[in-house]
Amino acid sequence: MHEMAIAQNLLDIVIQEGSAHGVSRVLSLSLKVGELSTVVPESLIFCFELLSKGTLAEGARLDIEKVPTICRCRECDHEFSVTDLLFSCPKCGSGKVELQSGRELTLESFEGE
Amino acid sequence: MAVKVPVVRNILEANEQLAQENSRLFRQAGLFVVNLMSGPGAGKTSLLEHTIETLKDEIRIGVVEGDIQSSYDAERISQRGVQVVQLNTGGACHLDSSMIKSALNALQLAELDLLVIENVGNLVCPAEFKVGEDVKVMLLSVPEGDDKPLKYPLMFQEASVLLINKIDLLPYVDCDVSKIRQRALQLNSSLEILEISCRTGEGLSGWYNWLRSQVSNRKTDATGAEI
Ligand SMILES: [Zn+2]
């Protein structure tokens with residue numbers, strides 16, 4: 001249940017940014033969560049609901065966008081999406097690949113009033 | 001009226017900033033730091049005991065013991081005569097940078113060459129949290145089966161070294177080490193894999209030599225940086 005720690009970090013950022021922007025109530029949050037991340041969206045939503053009670057983010061909706069795992073081959077520059085957890089280049093077979101996306105855990109924006 | 005505020009911030013940025021601070025402290029002290037991770041019962045504490053016993057006369061070792069509750073492992077380790085700090089996470093499933101930072105007050109970093117952070121036994125949660133380590137080392141034991149890379153891909157991706165433990169049990173368990181190797185390398189082609197048995201000692205010399213070379217590289221780096 002590391003989602004509790006992640007929800008707390010998220011709430012800290014929301015309270016900080018919300019106050020800085022003169023928002024008294026946060027209505028919704030847009031998050032990006034990479035496919036490779038070990039975060040379970042339902043758990044994150046549950047934990048955030050618990051922790052945000054009594055704060056300006058109480059009742060806020062979490063919109064979670066899953067980001068696919070994309071790699072780039074360092075040998076031939078080919079970009080490919082990873083399926084079946086196969087992290088090697090489908091074009092040249094090289095295992096020297098760089099992760100382009102899939103590890104995200106970001107707050108993109110929020111809506112408030 | 002509702003307003004939309006763009007933010008784009010890494011949710012774990014606070015943890016990662018602290019991890020960088022920890023890492024700076026470690027480098028200043030010329031310390032090589034291993035974040036040791038495994039599922040429960042894979043043999044982390046036993047591996048540590050053997051490692052300390054073998055290397056303590058040539059490498060000054062410190063240990064941070066992460067446990068949800070209890071100090072049983074820390075007591076086992078402290079009997080070996082090395083610096084050890086017990087961290088109880090009080091229910092949390094992983095160690096984070098602030099826990100490690102608080103543990104550092106109890107260690108004489110300048111008197112250490114190697115710090116091993118024994119993470120909480122869990123193959124999911126610790127993979128998300130950097131603590132300021134140089135490398136993540138993952139310990140897997142053969143009774144856990146050969147499908148672990150399929151179930152916990154992130155852990156295998158984040159690790160630099162995979163130790164496959166308890167290979168003395170291979171005749172008795174349903175586990176194909178070549179499958180572990182193949183699946184792990186598909187996830188992380190630069191992963192270094194060593195097969196070991198803490199019971200018979202098989203393969204451990206490879207692990208000790210790897211540690212020796214990492215610690216000595218760090219010492220060279222540190223001296224180089226001072227000049
Ligand atoms: Zn390629």
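This report describes two sheets and the contact between chain A and chain B in a predicted model.

**The sheet of chain B**

Chain B holds an open sheet of seven strands, whose pairing is parallel and whose order is 4-3-5-2-6-7-8. Its edges are formed by strand 4 (83-88) and strand 8 (192-195) of chain B, each of which pairs on one side only. From one strand to the next, the twist in this sheet averages 20°.

At one end of that order, strand 3 (residues 61-67) of chain B runs parallel to strand 4 of chain B, and six bridges join the two. Within this pairing, B:Val63 has B:Val84, in strand 4 of chain B, as its bridge partner. Helix 4 (residues 97-104) of chain B packs on the sheet, where the helix touches strand 3, strand 4 and strand 5 (114-118) of chain B, and its direction makes about 140° with that of strand 4 of chain B.

**The sheet shared by both chains**

A further open sheet is built from four strands in the order 2(A)-1(A)-6(A)-1(B), with mixed pairing. Strand 2 (61-67) of chain A and strand 1 (3-10) of chain B stand at its edges with a single partner strand each, so one side of each is left without a neighbour in the sheet. The twist here averages 15° from one strand to the next.

The pairing across the two chains is made by strand 6 (residues 105-112) of chain A and strand 1 of chain B, which pair in the antiparallel sense over six bridges. In strand 1 of chain B, B:Val5 is the bridge partner of A:Phe110, while B:Val3 stands opposite A:Gly112.

Two helices of chain A pack on this sheet, and the table gives the strands that each touches together with the angle between its direction and that of one strand.

| Helix | Strands touched | Angle |
|---|---|---|
| Helix 1 (residues 3-20) of chain A | strand 1 (26-34), strand 2 and strand 6 of chain A; strand 1 of chain B | about 45° with strand 6 of chain A |
| Helix 2 (residues 41-52) of chain A | strand 1 and strand 2 of chain A | about 155° with strand 2 of chain A |

Helix 1 of chain A thus touches strands of both chains.

**The contact between the chains**

In the contact between the chains, 32 residues of chain A meet 30 residues of chain B. The area buried between chain A and chain B is about 2700 Å², and carbon and sulfur atoms give 62% of this area.

Three salt bridges are counted between chain A and chain B; one of them joins the side chains of B:Arg9 and A:Glu17, with an N to O distance of 2.6 Å. The count of residue pairs in polar contact between the chains, with both residues at pLDDT 80 or more, is 15.

On the side of chain A that touches chain B, helix 1, strand 1 and strand 6 of chain A each supply at least two residues. Strand 6 of chain A, which also pairs with strand 1 of chain B, gives the largest share of that side, with eight residues. Divided by class, the side of chain A that touches chain B has 16 nonpolar, ten polar and six charged residues.

Technical notes
Residues are numbered from 1 along each chain as its sequence is written. Chains are lettered from A and ligands numbered from 1 in the order in which they are written. This is a predicted model: local features need pLDDT of at least 70, side-chain atom pairs count only at pLDDT 80 or more; totals for chains, interfaces and linings use all residues. Side-chain values use heavy atoms; hydrogens and water are left out. Two strands pair if DSSP finds at least two bridges between them. Axes are lines fitted to C-alpha atoms, for helices over the stretch in contact, and angles run from 0 to 180 degrees between N-to-C directions. Contact means heavy atoms within 4.5 Å. Buried area is the accessible area (1.4 Å probe) that two parts lose on being put together, summed over both. A salt bridge is a side-chain nitrogen of Lys or Arg within 4 Å of a carboxyl oxygen of Asp or Glu. A polar contact is a pair of N or O atoms within 3.5 Å; within protein, one must be able to donate a hydrogen and the other to accept it, and residues adjacent in sequence count only if both atoms are side-chain atoms. Ala, Val, Leu, Ile, Met, Phe, Trp, Tyr, Cys and Pro count as nonpolar, Asp, Glu, Lys and Arg as charged, and the others, Gly among them, as polar.
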